[in-house]
Amino acid sequence: MPELKALKARQVLDSRGRPTVEVEAIASTGAVGRAIVPSGASTGRHEALELRDAADPRYGGLGVGRAVGNVTRKIAPAVLGMDLFDQAGIDAKLIALDGTPNKTQLGANALLGVSLAVAHAAAAARGQELFVYLNRLWRDRDHGPGAWPVPLEPTLPVPMVNMISGGLHAGRNLDIQDVLIIPVGATKFSEALEMIVALYRATGSVLKQRGFESALVGDEGGYGPRLRDNEQAFEIVVDAIRASGFEPARDMALAVDVASSHFYDSSSKTYLLTAGGERALDSGGMIDLLAGWLERYPIISIEDGLAEDDWDGWASLTERFGSSVQLIGDDLFATQVARVRQGIEHKAANAVLIKANQVGTLSETLDTLRLSRLHGFGTVVSARSGETEDTTIADLAVATAAGQIKIGSVARSERLAKYNRLLRIEEALGPEACFAGRSAIDERPVRAGRSPEG
């Protein structure tokens, strides 16, 4: 068996010009794997720690020199010589070496860089595409017995794509973070991408016709206009759907990332909205606001509709809409197995956003995917605000048949790299390639935590 022979690490820049960690893993066979760790702007407080050089003035205190040093000086001596194909063993060593619940000792960015680079090197050593190797790891996990069947065949995900951005992604021009579209009428990934590009262009045209900014974009490529209020973003995208020749709901549906933790005041337990006039809403009021949007617009997915620790509110939201709408927990779950277990117990949400850097290793990410699918939760593999040319998440989404992927819009090269990777995977899988389509959203339990028998 090939061994892990060497690790290299360096500081590189992400799509926002901020430093991040790149790691190279070199096998005893000479095979090389490389991974670059993403970084979030809208981060929840339950995420694993991203270690930065706060005391160093270079890059405004955002450097990752300490994390890079941890890879070469602390992690490498502990893992070199290990079986390259023992991903679980290497990741377990990383977790033990850090020894903290949220990776505060070595940094999740250091650990994840190593974990993903090892997977890339292992795939290279086998002469396999990354998604093929990751699918092997996925199949090797114990997926039963569970209440819901776990899909094992590599499957191209349906994309969920930013059209208009607000919140922390676009200078807080809106309360909500993103209005997205899902090409539910597509029958294959390449068709879905073509539909998305057409709609993105149409959205820009509608904005321009109405006198709004149609050139500047947010961190993830969505348009960032200053609109009247949150609802105007929905109105514009629905008009763009029709202008593109598509039928709302039939061909294109809407999704919204509310990111409500970022305007939640924990002291008063209220949601403080400012777009279109200042309002303070309790959990019930926030649920009613979301209900109004669901009535007026073809929304089939809501992400972080309530704050990350508003468990009672989440339970009420799921009881009310869990049978008809995908309710995604991002900040709520932070890709943590323990948080997903809480969601199962509270019957809170029915889908999980998957971000590997929220937890810190590939194996822990697979654990969260597995637990989510065993209990009937939908899964959405997601990029972050700070991305690079690294395309690992495309392979991960296919390999685990996650069903959905959230990369960002179709306007920035760090996003397009991942869409283009999915096009190559579609080609590699051939004309019979599985595509999740709308079923990835529709086929889920009526309520989180229920078994098929009810």
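## A walk through the predicted model

At 45% relative accessibility, tyrosine 59 counts as partly exposed, because that value falls between the 20% limit for buried and the 50% limit for exposed. Keep in mind as you look around that this is a predicted model. You'll find tyrosine 59 in the loop between strand E3 (32–36) and helix H1 (65–79). Its backbone is worth a look too: phi of tyrosine 59 is near 55°, a positive value in a residue other than glycine. As a rule, most residues other than glycine have a negative phi.

Now hop along the chain to threonine 335, which also has a positive phi of about 55° although it isn't a glycine. This residue sits in the loop between strand E13 (326–329) and helix H9 (337–346). Is threonine 335 buried or exposed? With a relative accessible area of 0%, threonine 335 is buried.

Next, the nonpolar core. The largest one has 143 residues, and within it Leu7 and Ile75 touch the most other members. Helix H3 (residues 108–126) gives this core its largest share, eleven residues. To get a feel for the surroundings of isoleucine 75, skip its neighbours within four places in sequence: what's left in contact with isoleucine 75 is Leu7, Asn70, Leu94, Leu97, Leu106, Ala110, Leu111 and Val114.

Stay with helix H3 for a moment and look at its partner, helix H2 (residues 87–98). Two packed helices are described by the angle between their axes and the distance between the axes. Here the axes of H2 and H3 come within 10 Å and cross at roughly 170°, so H2 runs roughly antiparallel to H3. On the H2 side, the residues that meet H3 are Gln87, Ile90, Asp91, Leu94, Ile95 and Asp98, while H3 brings Leu111, Val114, Ser115, Val118 and Ala119. Sort the residues of this contact by character and you get seven nonpolar, two polar and two charged.

From here, turn to aspartate 257, which lies in strand E8 (residues 253–257). Aspartate 257 is buried, because its relative accessible area is 2%. What does its side chain reach? A polar contact of 3.2 Å joins it to the side chain of lysine 406, and a polar atom of the aspartate 257 side chain also lies 3.2 Å from the backbone nitrogen of alanine 259. Leaving aside neighbours within four places in sequence, the contacts of aspartate 257 include Ile176, Gln177, Asp178, Glu303 and Asp304.

Asp304 turns up again at tryptophan 314, which it touches. Tryptophan 314 belongs to helix H8 (residues 311–321) and is buried, with a relative accessible area of 0%. Not counting residues up to four places away in sequence, its other contacts include Gly305, Leu306, Leu327, Ile328, Leu332 and Lys347.

Two loops come next. The first holds asparagine 357, between strand E14 (351–354) and helix H10 (362–374). At 9% relative accessibility, asparagine 357 counts as buried. Its side chain reaches the backbone oxygen of proline 38 at 3.3 Å, and a polar contact of 2.8 Å joins the side chains of asparagine 357 and arginine 384. Beyond residues up to four places away in sequence, asparagine 357 also touches Val37, Ser39, Gly40, Ala48, Ala108 and Leu112.

The other loop runs between strand E15 (378–382) and helix H11 (392–399), and threonine 388 is in it. Threonine 388 is buried, with a relative accessible area of 3%. How far is its side chain from the backbone nitrogen of aspartate 390? The side chain of threonine 388 reaches that nitrogen at 3.1 Å. Apart from neighbours within four places in sequence, threonine 388 is in contact with Leu13, Asp14, Thr20, Ile36, Glu414 and Lys418.

Our last stop is arginine 421, in helix H12 (residues 413–429). Arginine 421 counts as buried at 11% relative accessibility, because anything under 20% is classed that way. Not counting residues up to four places away in sequence, arginine 421 touches Glu129, Leu130, Phe131, Thr391, Ala394 and Asp395.

Conventions: Residues are numbered from 1 along each chain as its sequence is written. This is a predicted model: local features need pLDDT of at least 70, side-chain atom pairs count only at pLDDT 80 or more; totals for chains, interfaces and linings use all residues. Side-chain values use heavy atoms; hydrogens and water are left out. A nonpolar core is a set of buried Ala, Val, Leu, Ile, Met, Phe, Trp, Tyr and Cys residues joined through side-chain atoms within 4.5 Å. Buried means under 20% relative accessible area, exposed over 50%, partly exposed in between (1.4 Å probe, protein chains only). Helices (H or I, at least four residues) and strands (E, at least two) are DSSP runs, numbered from the N terminus. Contact means heavy atoms within 4.5 Å. A polar contact is a pair of N or O atoms within 3.5 Å; within protein, one must be able to donate a hydrogen and the other to accept it, and residues adjacent in sequence count only if both atoms are side-chain atoms. Axes are lines fitted to C-alpha atoms, for helices over the stretch in contact, and angles run from 0 to 180 degrees between N-to-C directions. Angles under 35 degrees count as roughly parallel, over 145 as roughly antiparallel, 65 to 115 as roughly perpendicular and the rest as oblique. Ala, Val, Leu, Ile, Met, Phe, Trp, Tyr, Cys and Pro count as nonpolar, Asp, Glu, Lys and Arg as charged, and the others, Gly among them, as polar.
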